[in-house]
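Trainee: I have a model open and a pile of "why is it called that" questions. Can we go through them together?
Mentor: Sure, let's look at it first.

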Amino acid sequence: MSETTMSDQSPRPLVEIRDLRMHFPIHAGVLRRRVGAVRAVDGVSFDIHEGETLGLVGESGCGKSTCGRAILRLYDITSGSIRIEGDEIGTLGQDALRPRRPRMQMVFQDPQASLNPRMTVARIIGEPLDEHTTLSRAEKLDRIYELMDAVGLNRNFANRYPHQFSGGQRQRIGIARALALNPKFIVCDEPIAALDVSIQAQVVNLLEDLQDRFGLTYLFISHDLSMVRHIADRVAVMYLGRVVELAPRDSLYGAPLHPYTQALLSAVPEPDPGLEASRRHIILKGDVPSPANPPEGCNFCTRCPQAMPVCHRIDPEMRELRPGHFAACHLHDPDHAPTAEPTAANDQPQQGE
Ligand code: SF4
């Protein structure tokens, strides 16, 4: 996927990811020799424009959280390019990254695990200020109160500890900490997955509100396609370490082009019981292959209900099939017209009620 094909808008995107790879080595034997690699992220490219929310969806284990962490350079990446505001950070060492950290932050999935239980809320929110600013004690406290106001936390609770808050409030603490240094870009890694359904919408509404107020840009990682439909401007679908479809939200949800996206969306329940009863659910066979040993050709070919012989040999290219709507699938490639019969491994009907 070239830079130009992925950039459907101007001006220059805030975040530009090109051919990002994050492979984790597998060691074995007494000498701990390297015998392979888990290809958690295997050639991912996309842009995120300023003020935009890009949803990143896929089943657990598809590499989406690793991708988010790699983009923020919480890992030393295997290869690829990560540009934030045109500044290449993919190859920087941790010392060079430190002054760049304030503009890119992360909201974690589990607020319980990501907050230090021995620190008060004021210390948790103020920690990035200690590390990256020279604010006086009074200025810091002012800023902490300002952040608590912004996320809807009562200032009077500044000296309480995380365990004294509910899950939703703890996530607000995590969001306040992420905002402390005025970031431009935030990776939200399953920010509502650990919360009760009743408060998930509150946290999502808060994230949207903060985006409007502070001009934030989000990468919103989630397996919850309904929530992503609500919050994202565009959506990237990941399977086995790769983005297989990327499109504006309405185009993706209205007319998905990749068989994997079609299967994922067919599993989202429809609130109207009448419509739900008439829908066809695509049931995928088999397990997701190991990212240490992905299949030849299309990485979805072992489970795809529409796989053709060519799919087992040739890796499909990402193509722009509608304006701003990209998919990697031979079904949409004129050179591999889908006239071939389904392969033996996939010749059973895959659609059920
Ligand atoms: Fe299915 Fe082939 Fe398309 Fe892959 S390239 S998604 S196997 S039809």
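**Pockets and cores**

Mentor: Let's start with the second largest pocket, which has 16 lining residues, with Gly43, Arg242, Val243, Pro316 and Met318 nearest its centre. Keep in mind that this is a predicted model.

Trainee: What makes a residue count as part of the lining of a pocket?

Mentor: A lining residue has an atom within 4 Å of a pocket point. Gly43 is one of the 16 that line this pocket, so Gly43 has an atom within that cut-off. Strand E2 (33-48) is among the elements that supply at least two lining residues, and E2 gives the most, with four.

Trainee: Why are eight residues of that lining called nonpolar, and what are the others?

Mentor: Val, Pro and Met count as nonpolar, so Val243, Pro316 and Met318 get that label. Arg counts as charged and Gly as polar, so Arg242 and Gly43 go into those classes. Overall, the lining has eight nonpolar, three polar and five charged residues.

Trainee: Now the largest nonpolar core. How do you know that Val151 is buried?

Mentor: Val151 is among the core residues with the most contacts inside it. A nonpolar core is a set of buried residues, and buried means under 20% relative accessible area, so Val151 falls below that cut-off. The core has 62 residues, and helix H8 (residues 197-214) brings the largest share, six.

Trainee: What makes Val151 and Leu210 a contact?

Mentor: Contact means heavy atoms within 4.5 Å. Val151 touches Leu210, among others, so the two have heavy atoms within that distance.

Notes:
Residues are numbered from 1 along each chain as its sequence is written. This is a predicted model: local features need pLDDT of at least 70, side-chain atom pairs count only at pLDDT 80 or more; totals for chains, interfaces and linings use all residues. Side-chain values use heavy atoms; hydrogens and water are left out. A nonpolar core is a set of buried Ala, Val, Leu, Ile, Met, Phe, Trp, Tyr and Cys residues joined through side-chain atoms within 4.5 Å. Buried means under 20% relative accessible area, exposed over 50%, partly exposed in between (1.4 Å probe, protein chains only). On a 1 Å grid over the protein atoms alone, a cavity is a set of points where a 1.4 Å probe fits but cannot get out, and a pocket is an open set with protein on both sides within 12 Å along at least five of seven lines; lining residues have an atom within 4 Å of a point. Lists of a residue's contacts leave out its neighbours within four places in sequence.
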